[in-house]
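Dear colleague,

I am handing over the structure below, and I would ask you to look through it with the notes that follow beside you.

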Amino acid sequence: YAAHGLRQAVAARGLISEMVGAYSPEVRREFRSVMRDNRARTFAALRDLRAARADLAAAGKAEPFDEAAVRQAMAAVRAATTNLQSTVQDYLLTAMKNVHAKPAGGG
């Protein structure tokens, strides 16, 4: 269980780096805070994507080969990827709004 949680934390940190590397330190700091506040939602989206990828791999190995099943599994991976990206972008938008709503000086 602990190793599983660690893997999820590493994946989440990777997402943070990719998503906010070009933004100000204030936005990056706020983004990390929003991610922390929504950890369960983020990890659920990551789990969904991993499960969809596993289903795709299984469909690709099935005998006899079923193209329709593979296409359906691919669509599920696309949907899970879009969901994860949308979720993280929502966090980024929230972070940006929060930073812009704070008075100058961070007060």
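Please keep in mind as you read that this is a predicted model. A good place to begin is helix H3, whose buried residues are Thr42, Phe43, Ala45, Leu46, Leu49, Ala52 and Ala59. This helix covers residues 39-61, 23 residues in total, and it reaches 33 Å from its first C-alpha to its last, which is close to the 33 Å expected at 1.5 Å a residue.

From there I turned to the charged side chains, where a search of the whole structure finds 3 salt bridges.

One of them joins the side chains of Glu30 and Lys102, at 3.2 Å from N to O. Because Glu30 lies in helix H2 (residues 25-37) and Lys102 in the segment after helix H4 (67-101), this pair ties together parts that are 72 residues apart in sequence. Glu30 is buried, with a relative accessible area of 13%, whereas Lys102 counts as partly exposed at 41%.

Another salt bridge brings us back to H3, since the side chains of Asp90 and Arg41 meet at 3.5 Å, N to O. Asp90 belongs to helix H4 and Arg41 to helix H3, so parts that are 49 residues apart in sequence are tied together by the pair. Asp90 is partly exposed, with a relative accessible area of 37%, and Arg41 is also partly exposed, with 41%.

Within helix H4, Glu67 and Arg71 are 4 residues apart, which means that about one helical turn separates them. They form a salt bridge in which the closest N and O atoms are 2.9 Å apart. Glu67 counts as partly exposed at 45% relative accessibility, while Arg71, at 55%, counts as exposed.

With best wishes

Methods:
Residues are numbered from 1 along each chain as its sequence is written. This is a predicted model: local features need pLDDT of at least 70, side-chain atom pairs count only at pLDDT 80 or more; totals for chains, interfaces and linings use all residues. Side-chain values use heavy atoms; hydrogens and water are left out. Helices (H or I, at least four residues) and strands (E, at least two) are DSSP runs, numbered from the N terminus. The expected span of a helix is 1.5 Å times one less than its number of residues. Buried means under 20% relative accessible area, exposed over 50%, partly exposed in between (1.4 Å probe, protein chains only). A salt bridge is a side-chain nitrogen of Lys or Arg within 4 Å of a carboxyl oxygen of Asp or Glu.
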